[in-house]
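Visitor: Please show me the model, and then let me ask how some of its labels are justified.

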Amino acid sequence: MDSARHTCLKLQISQPIFIKGTWFSSHFHLSITDALNAWTCDASEEEVKERASNWDQPISEYIDMSERYLGFQQPGSVYGFADAGGGYKRLSWTFDKEGTKLEWRWKFKPAENCKTITAGILDFLMDANIRLSEEVVMKTRSNEKLKAEAEKCLAQSEKFQNEKAEFETTIYTKFVGVLNSKKSKLRELRDRLSNQESTTNLQEDEEASTDKTETFDGDSEDEDSTMDVTSTSKDTPGNKPRGRKRK
């Protein structure tokens, strides 16, 4: 089944009018009121097909374009609602196509019951206003809920950020403490190694000095032994010196 779409436009011309449109896939129905009088236009499938053919357009494109201009007042378009004689009215609007300004027109006949047409348009506007109000309320509540969720997320984010900063500070403090302790132990170990090296070098120097002293004492004893042997050999009888003969 062909579903209908409904629009209602308050057209701001010399005298404001309301245009209600009921749109189908191959035809549409229009009704107009100025709050006192009303007019109607039934665009049948044959008429729409003929108009679309005259403008070299598909039927769907012709209806979509008509709905766009009669559902919302388009800037730059010149609208008109003029007498067509015999109580009839002619609704027109202009549009640009490939740099050329063109005009579409539809003829309206006087409504059989102006009050019914006017009441129907007012009811549609009131229903639409109620729907819009409900949508506004729902969207307002949704926005408030989103705002509360956003504030909650922001608070959680700040809390996490503060906890992260506190955690990093604690870890950094502990790390610095451990690092300083390691440095202190390394300095202590380095000092101990330095002291051990100094002690070892001192012991080596003392041992080297002792070795030199012993070597020197041994050489002296050898010299004393040599001197003793020499002295002894001089004092033996066989080596007694001869005396000179007296003349």
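Visitor: Why does glutamate 67 count as buried or exposed, whichever applies?

Guide: Buried means under 20% relative accessible area, exposed over 50% and partly exposed in between, computed with a 1.4 Å probe on protein chains only; glutamate 67 has 16% relative accessibility and therefore counts as buried. This is a predicted model, in which local features need pLDDT of at least 70 and side-chain atom pairs count only at pLDDT 80 or more, while totals for chains, interfaces and linings use all residues. Residues are numbered from 1 along each chain as its sequence is written, and side-chain values use heavy atoms, with hydrogens and water left out.

Visitor: What makes the contact of arginine 5 and glutamate 67 a salt bridge?

Guide: A salt bridge is a side-chain nitrogen of Lys or Arg within 4 Å of a carboxyl oxygen of Asp or Glu, and the side chains of arginine 5 and glutamate 67 meet at 2.9 Å, N to O. The pair links distant parts of the chain, 62 residues apart. Arginine 5, at 33% relative accessibility, counts as partly exposed.

Visitor: What is the class of aspartate 83, and why?

Guide: Aspartate 83 has 59% relative accessibility, so the residue counts as exposed. Aspartate 83 forms a salt bridge with lysine 89, the closest N and O atoms being 2.5 Å apart, and lysine 89, at 17%, counts as buried.

Visitor: How do you know which class glutamate 103 belongs to?

Guide: Glutamate 103 has a relative accessible area of 34%, and is therefore partly exposed. Its side chain meets that of arginine 105 in a salt bridge at 2.8 Å, N to O, and arginine 105, at 45% relative accessibility, also counts as partly exposed.

Key:
Helices (H or I, at least four residues) and strands (E, at least two) are DSSP runs, numbered from the N terminus.
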